[in-house]
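This report concerns the structure shown below. It treats charged pairs, strands, nonpolar cores, buried helical positions and model confidence in turn.

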Amino acid sequence: MMSEMADLGGWAWLGAGLLLLILEAIVPGVFLLWFGFAAAVVGAVVLMFDISLPWQLALFGAAAIASLVLAKLVFRYGETVSDDGGMNVRSAGYVGKIYVVEQPISNGRGKIRIGDSLWIAEGPDLDKGTRVRVTAVHGTVLKVEPA
């Protein structure tokens, strides 16, 4: 197999790259794509220059790593990009807003109504109906003070 690949040279690498790109289209995952590009780069280089098989393999490894690093930098895989920094932390949006105490806060704990939900509130003892401002969020507990 290796001797046939060495005999075909750049065309074998281009074929392997094309095969990897086709496999990426069939089994998507944005993983084989970068190896396909690396194989195509090696194929182009081998067609221009006569390079031995060990150097071709080394070039493929380097091109694959470079394409993965470039993809990570350009497409920011693994990073969440959002205009709303608290998109997945809904309670973070409550800080600074004013709500009404639904269940009296006694001994430092009670509940406030936000929309159709009741949230645990911690703060000074307050009666039902008192307006409070959310000052902080700790998990699902909202820290409040009188508004």
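## Salt bridges

In this predicted model, Arg-113 and Glu-102 form a salt bridge in which the closest N and O atoms are 3.4 Å apart. The pair joins distant parts of the chain, since Arg-113 belongs to strand E2 and Glu-102 to strand E1, with their positions eleven residues apart in the numbering. Arg-113 is partly exposed, at a relative accessible area of 35%. Glu-102 also counts as partly exposed, at 25% relative accessibility. The structure holds three salt bridges. Side chains of opposite charge can pair when their charged atoms come close.

Another salt bridge connects Arg-109 with Glu-122, and here the closest N and O atoms lie 2.4 Å apart. This pair likewise links distant parts of the chain: Arg-109 is in strand E2 and Glu-122 is in strand E3, 13 residues apart. Glu-122 also meets the side chain of Lys-143 in a salt bridge, at 2.2 Å from N to O. Glu-122 in strand E3 and Lys-143 in strand E5 are 21 residues apart. Arg-109, Glu-122 and Lys-143 are thereby linked in a network of salt bridges.

Is Glu-122 buried or partly exposed? Glu-122 counts as buried because its relative accessibility is 19%, and the cut-off for burial is under 20%. Its two partners fall into another class: Arg-109 is partly exposed, with a relative accessible area of 41%, and Lys-143 is partly exposed, with a value of 25%.

## The strand barrel

The strands that carry these charged residues belong to a barrel. Five strands close into this barrel in the order E1-E2-E3-E5-E4, and the pairing is mixed. On average, neighbouring strands of the sheet are turned by 50° against each other, direction ignored. Strands of a sheet pair through backbone hydrogen bonds, either parallel or antiparallel.

Strand E4, residues 131-138, and strand E5, residues 141-146, provide an antiparallel example, pairing over six bridges. Within E5, Leu-142 is the bridge partner of Val-137.

## Nonpolar cores

The largest nonpolar core contains 13 residues. Tyr-94, Ile-112, Ile-114, Val-134, Leu-142 and Val-144 have the most contacts inside this core. Strand E1 (98-106), strand E2 (109-114), strand E3 (117-122), E4 and E5 each supply at least two of its residues. E1 gives the largest share, three residues.

Which residues surround Val-134, leaving aside its neighbours within four places in sequence? Val-134 is in contact with Tyr-94, Val-95, Gly-96, Lys-97, Tyr-99, Ile-112, Leu-142, Lys-143 and Val-144. Lys-143 in this list is also the residue that forms a salt bridge with Glu-122. Apart from the largest core lies another, of five residues, among them Leu-20, Phe-35, Ala-38 and Ala-63.

## Buried positions in the helices

Gly-36 lies in helix H3, which spans residues 32-48. Gly-36 is buried, with a relative accessible area of 0%. Although Gly-36 and Ala-16 are separated by 20 residues in sequence, their C-alpha atoms are 7.1 Å apart in space. With neighbours within four places in sequence left aside, the contacts of Gly-36 are Gly-17, Leu-20 and Leu-21. Of these, Leu-20 is named among the residues of the five-residue core.

Ser-67 has its place in helix H4, residues 53-75. Is this serine, Ser-67, buried or exposed? Ser-67 is buried, because its relative accessible area is 13% and burial requires a value under 20%. Leaving aside neighbours within four places in sequence, Ser-67 is in contact with Trp-34 and Ala-38. Ala-38 is also among the members of the five-residue core.

## Model confidence

The average pLDDT of the protein is 85, and 85% of the residues score at least 70. Confidence is lowest in helix H1, residues 2-8, where the mean is 58. Confidence is highest in E1, at 94. E1 is also the strand that contributes the largest share of the largest nonpolar core.

Definitions and conventions
Residues are numbered from 1 along each chain as its sequence is written. This is a predicted model: local features need pLDDT of at least 70, side-chain atom pairs count only at pLDDT 80 or more; totals for chains, interfaces and linings use all residues. Side-chain values use heavy atoms; hydrogens and water are left out. Two strands pair if DSSP finds at least two bridges between them. Helices (H or I, at least four residues) and strands (E, at least two) are DSSP runs, numbered from the N terminus. Axes are lines fitted to C-alpha atoms, for helices over the stretch in contact, and angles run from 0 to 180 degrees between N-to-C directions. A nonpolar core is a set of buried Ala, Val, Leu, Ile, Met, Phe, Trp, Tyr and Cys residues joined through side-chain atoms within 4.5 Å. Buried means under 20% relative accessible area, exposed over 50%, partly exposed in between (1.4 Å probe, protein chains only). Contact means heavy atoms within 4.5 Å. pLDDT is the predictor's confidence in each residue, from 0 to 100. A salt bridge is a side-chain nitrogen of Lys or Arg within 4 Å of a carboxyl oxygen of Asp or Glu.
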